[in-house]
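Colleague: I'm new to reading protein models, so could we go through this one together? I'd like to ask things as we go.

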Amino acid sequence: MRVTPRRVLLLGLTSLSFLFVIIQLSPALQDPDDAHRVRANIKARRLDHVYNEDIHGQIEKMNPDVHADSKKKGPDENGVVNKPDIWVDKRIAQISNKTGDGLGRLGRKIDWHDYAMMERDLQRQGRGERGYIELTKEELDMAKSKDRRYGYSAAASDLISLDRAIKDIRHPLCASKLSRKLAFHFYHHAFPQRGSFRTSQVRSNANHFHIRSLHSIINKTPSKLVTEIILVNDASTHSELQKGSAFSVEAEKLPKVTILYSDTRLGLIAARTLGANQARGEVLTFLDSHIECGYNWLPPLLERIALNWRSVPQPLIDVVDGRTFLYREQPGGLLRGSFSWELLYKRLPITAKERREREDEAAPLKTPVQAGGLFSIHRDWFWELGGYDPFLKIWGAEQYEISFKVWMCGGEMEEVPCSRVGHIYRSHMSFSVPGGSDVIALNHARIAELWMDEYKEYYLEKNPRLRKKSLGEDLEDRRAIRERLKCKSFRWFMQNVAYDQDWYYPAVEPQPYASGKCQSVAFPEKCFHIREGEGGESESVLISCEDRSVVRVEFTWRKEMRKERGGRDCVDLSRHLQHSRPQWFKCHQQGGNQQWLYLQDTQQIKYDGSNLATPLCLSTDASTVYVEHCDQNSQNQKWTFDKVDFSLFRPEMGPPYDKSLTST
């Protein structure tokens, strides 16, 4: 009797982690080295499940000599037939040639939406329903201590229903694709069997929001697709999260929820591994504990794995405002994940190549790097890749490890627009990281050493202090995974997956076209400067060019006006009005408020971050510096620099989201 496809969800809480199991086809692989030995049987089972046929018998007809040799030697103690790759891979190729879509013929499609729940949501009334919540002055006063503790407005969260409705902000095609009578997306019915969900570790989230996360998953996920929900308590020090607390009692009353308790602090990465080891499902879905799921979020992810078991899909991650709990889309909409050479997560636009390959605007999108917190992966593929590196500490760099090795070892990463999950963003980190920022930096250095080949030098050039640091044990064992799986090089990854990376985040940054002191033409003895003002805010002024503290700036290829020689602060214009004064702000490399141009013909510094009806230029009254409407005849708007070489200006590059790469 065939089991209904399911899978596991894994959720992570700070001090507490959740895990859900959704697909239950094969036993959990505790030892990553077992995975390659059963790879062929995994393929064979998958084809049996999809086509309801005897793979071994059909392979024998296709190539009796090979199969006879396999039968003669017999299966080993693990039940794996010798030399399986030959006949299974040929059978897969044969089916692919016959159907034209590989394993895509997975049976009928059905509609997984819960229309009764969606109708009830339309009728819901109350604070925070489908929108945001405003606190009264009295509520705000009571909330301050809680907000400092959790990093978001726990008081506001406590006033919102555990089952609140959120806006459906999916692409319209998600609600009409492949359907006539019912205006919602249909997905393949023949998913892999039950799976598990796991959330990242929970340490200091308000327990009310933890429970809402669980309610959201249970309410928005077809029950038959979930085997278990595993929550890992990562040695939380909060009394309200302890075993026997009201939270733990309430959580374990919910269907399919289990809590694992760690005696020692593991951190996000090891807590996820603990949950994954306990999972019984075929597919693992990792989630954070501070999330809210959108309608029909799970089937689109499962379908990608049903079509390609090495696919690692992730939902579009929306923003839940930590103060008002407003649910909204990420700025920029659908973009591809990537990184800077400091290994900071970045996002890239959709290229013309990607647009051509997609069926429509709601179709999945290949992405070089995942955001990290929320994704699904076939359990056998997860362990075949070695799981999470056990020597990555607490958190940081795990998304690069997963992304690099998935792509380099034969899989693919995807963004799935019809799957949306909201993530609450804290105002500050509400938990400690033992070892501080060094732990995160060493995690990145270890991944660079293991997976980035010669490209690791670009990371180390920006972090030279890490060159002589110990990167932990087990390096050779992790390298052996690359050899065993015959993984491709990082150069291949850069040329074939992150092929436009250098356009936006070049490994070798172009030279600035203007740099040095920014000297006023109207007042030649004075230079542009930004100094700290009252209350910690900075203010732009003119000071003597002879002052030793005078700032030196450079105009970068990103159209930034940045502190000279690798500075991390950029000139930022937060208000786009006349007489607004620029300030320092950490460079975010996204253009916008930090986008400036030095004009060769007029010597003006033009703000270039918005399509203003009347452009703004940097000007001065001999003491302060501000912006006003551009006037090429005004001497107060003219500036010179120590070094100017417009041959270095690269107008074809520009800031991220440049239209030149997104045209069809």
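Colleague: Let's begin with the cysteine links. How many disulfides does the structure hold?

Modeller: Keep in mind that this is a predicted model. A disulfide is counted when two cysteine sulfur atoms lie within 2.5 Å. On that basis the number of disulfides in the structure is five.

Colleague: And if you number the bonded cysteines in sequence order, what is the pairing?

Modeller: Just label the bonded cysteines along the protein and note which label goes with which. Written that way, the pairing is 1-3, 2-4, 5-6, 7-8, 9-10.

Colleague: Let's take one pair, cysteine 409 and cysteine 487. How many residues apart are they?

Modeller: Their sulfur atoms are 2.0 Å apart, and they form a disulfide. Cysteine 409 sits in the loop between H14 and strand S16, while cysteine 487 is in the loop between helix H17 and helix H18. So you have a link between distant parts of the chain, and both cysteines are buried, meaning under 20% relative accessible area. The separation is 78 residues.

Colleague: H14 came up there. How many of its residues are buried?

Modeller: Helix H14 covers residues 398-408 and is mostly covered. Its buried residues include Tyr400, Phe404 and Trp407, and also Glu398 and Lys405. The count of buried residues is eleven of eleven.

Colleague: Which residue just after H14 takes a positive phi?

Modeller: Look just past the end of the helix, where phi is about 110 degrees. The residue there is glycine 410.

Colleague: On to cysteine 570 and cysteine 587: is their disulfide right-handed or left-handed?

Modeller: The two are joined S to S at 2.1 Å. The torsion about their S-S bond is about 100 degrees, so the disulfide is right-handed.

Colleague: Now strand S27. Why is it largely enclosed by the rest of the structure?

Modeller: In a regular strand, side chains alternate between the two faces of the sheet. Here Leu616, Leu618 and Thr620 point one way from S27, Cys617 and Ser619 point the other way, and all are buried. S27 is largely enclosed because its buried residues number five of five.

Colleague: S27 runs alongside S28. Which residue in S28 stands opposite serine 619?

Modeller: S27 and S28 run antiparallel, with five bridges joining them. Four residues lie between the strands of this hairpin, and alanine 622 takes a positive phi near 90 degrees. Opposite serine 619 you'll find tyrosine 626.

Colleague: Cysteine 617 is in a disulfide with cysteine 630. Is cysteine 630 buried or partly exposed?

Modeller: The link has 95 degrees about its S-S bond and is right-handed. Cysteine 617 lies in strand S27 and cysteine 630 in the loop between S28 and strand S29, so the pair ties together parts 13 residues apart in sequence. Cysteine 617 is buried, with a relative accessible area of 0%. Cysteine 630, at 30% relative accessibility, counts as partly exposed.

Colleague: Last one, glutamate 564. Which residue's backbone nitrogen does its side chain reach?

Modeller: Glutamate 564 is found in the loop between strand S22 and strand S23. At 19% relative accessibility it counts as buried, since the cut-off is under 20%. Leaving aside neighbours within four places in sequence, glutamate 564 has contacts that include Ser515 and Arg552. At 3.4 Å, its side chain reaches the backbone nitrogen of glycine 516.

Terms used: Residues are numbered from 1 along each chain as its sequence is written. This is a predicted model: local features need pLDDT of at least 70, side-chain atom pairs count only at pLDDT 80 or more; totals for chains, interfaces and linings use all residues. Side-chain values use heavy atoms; hydrogens and water are left out. Buried means under 20% relative accessible area, exposed over 50%, partly exposed in between (1.4 Å probe, protein chains only). Helices (H or I, at least four residues) and strands (E, at least two) are DSSP runs, numbered from the N terminus. Two strands pair if DSSP finds at least two bridges between them. A polar contact is a pair of N or O atoms within 3.5 Å; within protein, one must be able to donate a hydrogen and the other to accept it, and residues adjacent in sequence count only if both atoms are side-chain atoms. Contact means heavy atoms within 4.5 Å.
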